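These are my notebook entries on a structure I looked through for burial, salt bridges, aromatic pairs and surface patches. They follow the order in which I looked things up.

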Amino acid sequence: MSQTSITLTDLFLLAPELSLAGLGIFIILLNLVTKKTGIVNLVAVVGIAVPLTFSIAVLNHLNAEPSDQLTGMFGTMVIDHFSLFFKFLVLAIVALIALSSSEHVANMKQFQGEYYSLIMFSASGMMLIASATELISIYVSLELTALPVAALAAFSRNAVSTEAGIKFLILSAMSSAILLYGMALVFGFTGTTYLPEIFSSISSSFEPSVPFGSHALFLGVILIIAGFGFKIAAVPFQMWVPDVYEGSPTPITAYLSVASKAAGFAIVLRVSYLAFGSLSLDWAAVFTILSFASMTIGNVLAVAQDNIKRMLAYSTIAHAGYLMIGLAAISERVPDGSDTIGPSAILFYLVAYAVTNLAAFFAIIAITSRTGSDLISSLTGVGRRSPILALTLTLAIISLIGIPPTAGFMGKLYLFSAAIKSELVWLVVAGVINSTLSAYYYLRVVKVMYVSQAGSEDAAPITIAKAPLLALSIASIGTLALGIFPGPLIKIAEKAASVLLG
């Protein structure tokens with residue numbers, strides 16, 4: 001923090017985010033020169049190689065250093081295996097979304113550059129979030145993430161899409177205000193905005209008889225959790241999810257469902273362990289309650305949906321509940337007090353959920369673009385009209401339920417194991433019951449595709465373009481691969497999670 005100016009090292013550590021934002025600007029300029037959709041789409045996909053190359057270079061630099069982390073930008077950001085884990089995850093998601101959007105942007109020749117650029121700008125904010133270790137930097141990164149998403153939600157420019165964008169913008173602003181007020185209270189109590197210094201201040205003035213050690217700090221932490229709860233779509237902060245998911249362009253709904261959730265959990269983990277680690281039993285108790293509520297309410301409300309995007313919106317709320325099991329399974333509840341199984345289970349599940357949900361959405365994009373409807377009933381006869389799409393969507397649904405041999409099964413097994421090891425057996429029972437409940441509305445989609453044939457006998461076959469097919473294939477292969485060979489990703493997740501407890 002004695003640093004007085006930005007150095008070349010700072011710029012190098014920020015190179016992945018800067019290059020991704022630069023790619024967004026380049027795409028806008030390219031779109032002014034050419035209106036050919038194929039060229040803009042190709043540059044958006046291939047251009048991801050630039051920030052990816054910089055991320056690999058930063059990783060190599062980190063591995064060559066004796067320390068397990070690198071700090072920069074006046075101590076407000078840190079590069080470690082945890083932050084790099086999320087950089088690679090976000091870049092992979094952006095590349096797949098860009099591939100799947102090729103047909104969607106073909107109908108918006110005037111705005112295709114802005115479409116891709118807003119995704120890049122938002123993703124650069126998500127990558128920054130994973131590295132931020134200071135409250136103001138965290139807040140700025142969150143806003144950089146949220147504002148482009150609000151524009152993307154309204155990108156279809158119809159009544160439903162505009163409503164989705166406005167709702168997201170207003171509710172995001174409200175959650176940001178709550179978050180900022182919570183940060184102000186924490187700053188007032190600790191006298192600093194740097195996460196490690198907040199930890200030291202809390203540890204030195206902790207009062208065991210008071211929740212969170214102080215009434216002021218208690219209110220501040222609760223407000224911060226509420227602000228983050230909006231970002232990860234957790235109950236009771238999920239009110240925006242169904243309408244925004246339904247009204248947004250389907251590729252943006254897919255992007256929101258995985259990338260935004262990954263970024264949200266990245267900062268929740270960083271703040272919880274780095275700043276409030278001494279209060280772990282207190283905040284873990286809060287996340288235990290939120291986990292149960294999110295799982296239950298998300299799955300129960302999903303049962304009644306007849307629109308597949310709204311169904312998956314409530315599904316993502318339920319999966320936020322599953323993920324918070326990892327936040328409840330803290331090391332202090334493990335007998336040896338040093339286990340990283342909770343956070344590493346979250347990291348594994350985020351990747352498993354990303355490939356699974358993207359596979360589901362990519363199949364839905366291909367189907368609904370032909371049927372012109374997001375209703376579950378419009379999937380009637382897809383099993384006959386497009387066996388490949390029906391098979392990949394079925395695979396994704398099986399993974400979302402948590403049936404082997406899929407990524408979703410391994411993710412839930414990892415999370416439930418963490419909860420059992422942390423003596424949260426009742427939460428595991430709730431998770432299993434909710435997974436069983438989810439099978440009802442998930443398998444209904446499979447039934448409609450394969451069993452319900454009325455009115456589909458004369459329907460034309462459903463085809464899919466090469467780029468979206470490639471994205472769908474990658475996501476589907478990932479869903480199977482992580483279910484059969486989870487070991488390598490588990491090791492990577494454990495190494496990234498160890499940074500939090502180091």
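Entry 1, serine 476. I looked up the accessibility of serine 476 in this predicted model and found a relative accessible area of 8%. Serine 476 is therefore buried, as the limit for that class is under 20%. I placed serine 476 in helix H21, which covers residues 466–484. I then listed its contacts, leaving out residues up to four places away in sequence: serine 476 touches Ala359, Thr392 and Leu395.

Entry 2, salt bridges. I searched the whole structure and obtained six salt bridges. One of the pairs I noted is aspartate 80 with arginine 270, whose side chains meet at 2.9 Å, N to O. Aspartate 80 sits in the loop between strand S2 (77–79) and helix H5 (81–100), and arginine 270 sits in helix H13 (residues 250–274), so this salt bridge ties together parts that are 190 residues apart in sequence. I checked the burial of both partners: aspartate 80 is buried, and arginine 270 is buried too.

Entry 3, a pair within one helix. I recorded a salt bridge between glutamate 163 and lysine 167, with 3.0 Å between the closest N and O atoms. Both residues belong to helix H9 and are four residues apart, about one turn of the helix. Glutamate 163 has a relative accessible area of 40% and is partly exposed. Lysine 167 is also partly exposed, at 29% relative accessibility.

Entry 4, a pair between two helices. For the salt bridge of aspartate 243 with arginine 310, I noted 2.8 Å between the closest N and O atoms. Aspartate 243 is in helix H12 (residues 241–247) and arginine 310 is in helix H15 (residues 308–328), so the pair links parts that are 67 residues apart in sequence. Are the two partners buried or partly exposed? Aspartate 243 is partly exposed, with a relative accessible area of 24%, whereas arginine 310 is buried, with 17%. I then followed the shared partners: salt bridges join Glu163, Lys167, Asp243, Glu246 and Arg310 into one network.

Entry 5, aromatic pairs. I counted 13 aromatic pairs in the structure. One of them, tryptophan 283 with phenylalanine 287, is edge-to-face, with 6.1 Å centre to centre and 80 degrees between the planes. These two residues are four residues apart in helix H14 (residues 280–303), so about one helical turn separates tryptophan 283 from phenylalanine 287. Both tryptophan 283 and phenylalanine 287 are buried. Tyrosine 441 and tyrosine 442 form a tilted pair, with 4.5 Å centre to centre and 45 degrees between the planes. Tyrosine 441 and tyrosine 442 are both buried. I also noted one aromatic cluster, formed by Phe168, Phe230, Trp240 and Tyr245.

Entry 6, the surface. Which residues form a nonpolar patch on the surface? I found Leu147, Ile166, Leu169, Ile170 and Met174, with about 480 Å² of accessible area together. Helix H9 (residues 159–190) gives the most to this patch, with four residues. Methionine 174 is in helix H9, and at 48% relative accessibility I entered methionine 174 as partly exposed.

How values were computed
Residues numbered from 1 in each chain as written. Predicted model: local features only at pLDDT ≥ 70, side-chain atom pairs only at ≥ 80, totals over all residues. Heavy atoms only, no water. Patch = residues over 30% accessible without salt bridge, like charges linked within 9 Å, V, L, I, M, F, W, Y side chains within 5 Å. Areas by Shrake-Rupley, 256 points an atom, 1.4 Å probe, with all protein chains shown as cover. Buried < 20%, exposed > 50% of the residue type's maximum accessible area, 1.4 Å probe, protein only. Contact = heavy atoms within 4.5 Å. Phe/Tyr/Trp six-rings, centres within 6.5 Å; stacked < 30°, edge-to-face > 60°.
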